[in-house]
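Reader: Please take me through the enclosed spaces and the ligand site of this model, and justify each term as it arises.

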Amino acid sequence: MVGEQWYSDFVDRGYEPSDEDLVALFRIEPAEGVSIEEAAGRVASESSIGTWTTLTTMSEEKRRLMARVYEIEGPWVKIGYPVELFEGGNMPQILSSIAGNVFGMKAIRNLRLEDVRWPREMLESFAGPQFGIDGVRKIFGVKERPLTATVPKPKVGMSSEEHARAGYEAWKGGLDLLKDDENLTGQRFNQFERRARKTFEMRDLAERETGERKSYMINVTAEAKEMVRRAELIKELGGEYVMVDILTAGWAGVQTLRDACEDLGLAVHAHRAFHAAFTRKKEHGMSMLVVAKIARLVGVDQLHIGTVIGKLEASRREVLSIQEAITSSKVEGGERILPQEWWDIKPVFPVSSGGLHPGLVPEILDMLGRDIIIQVGGGVWGHPDGGEAGARAVRQAIDAALQGISLDEYAEEHPELKRAMEKWGYTRPT
Ligand code: CAP
Ligand code: MG
């Protein structure tokens, strides 16, 4: 086979990536009869400048763009990529390179992109978050406690009027944020513009009656130009946020929306529906850690990171590493996590959501701390006494946890919490 292929040219254990390189950590499982070196060389080749055979068009000068495998430890392979290989500010192109054809190569049985270290030049080529955690807290004037959100349930099916009414109940019950569900956009039974107008009216009423700042993360997910149009309408109605399903909208759409939100001064709430299609299996696909760092780069202000104890699968290690990656200014790195300097890129507000109810709030705060947004959907709208009581129960659970009082004790004096505990106790939904 010598002469027909040149994959081994992409393996150089003596290579030391420069600070300017992009570094990718892959988990590689070679196909039968393929060594880890050969498999690693193939990944580096196919994700940079190579293909399956030698080429008459290659030149010494073009070799400067070759990716280099520089570390192989068991299945863990580190590859350094010259930054010139990538177009700054173009996330689709970058992923077409490091997360494109390589997943389908016959010489690889399984491949997972575990982490990416982004060099400063690439960090600076993207917008990054506009608000960050401090900027979002300023919207509400809430400095200490976690922010709270709810999604009207059933996920979809309410009319615009019912949706707006649900928002009013949740805000009256003490929650800060109303959020659309990931699959609610502009269906016939709940048109986008009608929902926006009705719900912001209710938001303004709830603010007047409670004296508290309230906001609404309305889902603008759609074709890119339509997302921008919807964001402009939100601005006109006095809104503070857009919500977007970043993975089904795609990175090009998210970048377009992020740019529009810079001009409109709107915060971006990122829902990650679709991620588990390729993040869940630990032997093949891409980690949610990689997705989360891309989201911070592209510039969302809030991102769902999981609950560990709720209804959706996520290990404690994964959730905590994602939280660190999107909130810290520098990640030291460790086992299967690359170091990452974020320089002056703002942090992203972590959102913990999925199967939560008041009984789980203390554990979430113990695990993730206070600088989070807690989203509770079914755990509010399933409350025996309705949404407003459900909202009160969530706030009561947070207040109890922050004061170090057990929920059982706090429930003695707080009927809404007591009724929630009677229904769900401390159960972890599956
Ligand atoms: C939660 C939720 C969110 C999930 C997304 C849902 O509702 O609205 O989409 O949290 O998962 O539709 O399930 P509940 P993640 O509070 O009723 O569970 O946050 O892991 O991205
Ligand atoms: Mg949802």
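Author: The lining of the second largest cavity comprises five nonpolar, one polar and three charged residues. The model is predicted, with local features requiring pLDDT of at least 70 and side-chain atom pairs pLDDT 80 or more, while totals for chains, interfaces and linings use all residues. Residues are numbered from 1 along each chain as written, chains are lettered from A and ligands numbered from 1 in written order, and side-chain values use heavy atoms without hydrogens or water.

Reader: What makes a residue of that lining nonpolar, polar or charged?

Author: Ala, Val, Leu, Ile, Met, Phe, Trp, Tyr, Cys and Pro count as nonpolar, Asp, Glu, Lys and Arg as charged, and the others, Gly among them, as polar. The lining consists of Asp-115, Leu-289, Lys-293, Ser-321, Glu-324, Ala-325, Val-331, Ile-337 and Leu-338. Ser-321 is therefore classed as polar, and Asp-115, Lys-293 and Glu-324 as charged.

Reader: Why is this space called a cavity, and what is the volume of the second largest cavity?

Author: On a 1 Å grid over the protein atoms alone, a cavity is a set of points where a 1.4 Å probe fits but cannot get out; lining residues have an atom within 4 Å of a point. The second largest cavity holds about 40 Å³, a volume being the space filled by probe spheres set on the points, which are joined across faces, edges and corners. The search of the whole structure finds two cavities of 30 Å³ or more, and the largest has a volume of about 50 Å³.

Reader: Which helix gives the most to the lining of the second largest cavity?

Author: H12 does, with three residues. Helices H11 (288–298) and H12 (316–327) each supply at least two; a helix here is a DSSP run (H or I, at least four residues), numbered from the N terminus.

Reader: How do you know that His-304 makes a polar contact with ligand 1?

Author: A polar contact is a pair of N or O atoms within 3.5 Å; within protein, one must be able to donate a hydrogen and the other to accept it, and residues adjacent in sequence count only if both atoms are side-chain atoms. An N or O atom in the side chain of His-304 is 2.8 Å from an oxygen atom of ligand 1, so the pair qualifies. A backbone N or O atom of Gly-355 likewise lies 2.7 Å from a ligand 1 oxygen.

Reader: How much of ligand 1 does the protein bury?

Author: Ligand 1 alone exposes 480 Å², of which the protein buries 93%, by the Shrake-Rupley method with a 1.4 Å probe.

Key:
1 Å grid on protein atoms, 1.4 Å probe; cavity = no way out; pocket = protein on both sides within 12 Å on 5 of 7 lines; lining within 4 Å.
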